[in-house]
Amino acid sequence: ELARENGAPYAALATEAKFLEIEAAAQKALDYMADQLEKAAPDIDAVVLVSGSQRAALVASFPAERTFVIPHGVDTAFFKPGAPEQRERMVLTVGSHLRDFETLHGAIDHVLSRDPTVRFVAVGSRERGRDYVGLEHERVTYADKVDDEELRRLYQTAAVMVLPLRAATANNSLLEAMACGLPVVATDLE
């Protein structure tokens with residue numbers, strides 16, 4: 001309403017959090033977003049999405065010609081490769097939202113059966129308790145409340161990052177790791 005009163009365009013931003021929470025809630029979230037957009041469509045000039053995969057949920061309720069995708073970006077001046085000799089025998093995983101930690105837990109056991117010297121580090125927040133369900137493992141070090149400088153250092157010193165995803169529209173940790181020259185093993189999602 002304020003935008004219309006001032007003659008300014010009004011755009012809605014649809015982020016991952018609005019679209020996907022967990023697999024069971026994903027469709028409910030999509031339906032909610034589509035319903036809200038349908039109600040507001042006459043007043044919205046554009047919808048900005050972070051992934052093309054979100055577009056399908058909006059087709060029935062919002063015109064495609066007013067829907068735009070602007071993918072996540074990363075600061076490559078900050079997230080950049082370190083010295084190759086800094087790399088350690090460490091596997092890094094970052095974040096917990098929509099992660100398949102049960103599969104990662106099995107992979108950790110497999111890797112350790114072949115090379116018990118590999119370290120595993122999980123970056124995120126354990127405060128919420130549910131974040132690492134399925135990843136409880138005696139050989140995983142948890143790094144809570146990591147600032148950007150420490151996160152960059154971890155990207156620059158790990159040997160590989162593993163992202164076992166259940167679903168995703170965009171993933172900054174994937175982009176940040178790649179910007180730091182870190183090889184990434186991720187779930188192949190359509």
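This is a walk through one region of the structure, starting at a helix and moving out to the strands and rings around it. Keep in mind that the model is predicted.

Let us begin with helix α6, which spans residues 148-157. Its N-terminal end is capped by D147, where a side-chain oxygen lies 3.2 Å from the backbone nitrogen of E149. Just before the helix comes the loop between β6 (140-144) and α6, and K145 lies in that loop. Phi of K145 is near 50°, a positive value in a residue other than glycine. As background, most residues other than glycine have a negative phi. The side chain is not hidden away either: K145 is exposed, with a relative accessible area of 63%.

Now look at the side of α6 that faces inwards. Its buried residues are L151, L154, Y155, Q156 and T157. It helps to recall that an α-helix has 3.6 residues a turn, so residues three or four places apart point the same way. The cover over the buried residues of α6 includes the strands β4 (90-94), β5 (119-124) and β7 (160-163), together with α7 (172-179).

Q156 in α6 deserves a pause. How much of Q156 is accessible? Its relative accessible area is 11%, so Q156 counts as buried, the cut-off being under 20%. Its side chain has a polar partner there, reaching the backbone oxygen of K80 at 2.6 Å. Leaving out residues up to four places away in sequence, Q156 touches K80, P81, G82, Q86, R87 and C180.

One residue back along the helix is Y155, and here the aromatic rings come in. The structure holds 2 aromatic pairs. In one of them, the rings of F78 and F79 have centres 4.9 Å apart and planes at 85°, so the pair is edge-to-face. In the other, the rings of F79 and Y155 have centres 5.9 Å apart and planes at 65°, so this pair is edge-to-face too. The F79 and Y155 pair links distant parts of the chain: F79 is in the loop between β3 (67-69) and β4, Y155 is in helix α6, and 76 residues separate them. Together, the ring pairs link F78, F79 and Y155 into a cluster.

Are these three rings buried or exposed? F78 is buried at 18% relative accessibility, F79 is buried at 6%, and Y155 is buried at 0%. F78 has a charged companion as well: the charged end of R152 sits over its ring, 4.0 Å from the centre.

From the helix we can step across to strand β7. V160 and V162 point one way from β7, M161 and L163 point the other way, and all are buried. This fits a general pattern: in a regular strand the side chains alternate between the two faces of the sheet. Which strands pair with β7? β4 runs parallel to β7 and is joined to it by 2 bridges, with L92 having M161 as its bridge partner in β7. Strand β8 (residues 184-186) also pairs with β7 in the parallel sense, over 3 bridges; there, L163 has A186 as its bridge partner in β8.

If you follow the chain on from β4, you reach the loop between β4 and α5 (101-114), where L98 lies. L98 has a positive phi of about 60° although it is not a glycine. At 8% relative accessibility, L98 counts as buried.

Finally, consider how the nonpolar side chains gather. In soluble globular proteins, nonpolar side chains tend to be buried together. The largest nonpolar core here has 19 residues, of which L92, V94, V123, Y155, M161 and L182 touch the most other members. The elements giving two or more residues to this core are β4, β5, α6, β7 and α7. A second, separate core of 12 residues includes F101, F120, V160 and V162. Returning to L182, its contacts beyond four places in sequence are R87, L92, Y155, A158, A159, V160, M161 and A177.

Key. Residues numbered from 1 in each chain as written. Predicted model: local features only at pLDDT ≥ 70, side-chain atom pairs only at ≥ 80, totals over all residues. Heavy atoms only, no water. Buried < 20%, exposed > 50% of the residue type's maximum accessible area, 1.4 Å probe, protein only. Helix = DSSP H or I, 4+ residues; strand = E, 2+ residues; numbered from the N terminus. Contact = heavy atoms within 4.5 Å. Polar contact = N/O pair within 3.5 Å; in protein donor to acceptor, adjacent residues only side chain to side chain. Pairing = 2+ DSSP bridges. Phe/Tyr/Trp six-rings, centres within 6.5 Å; stacked < 30°, edge-to-face > 60°. Lys NZ or Arg CZ within 6 Å of the ring centre and 35° of its normal. Core = buried A, V, L, I, M, F, W, Y, C linked by side-chain atoms within 4.5 Å.
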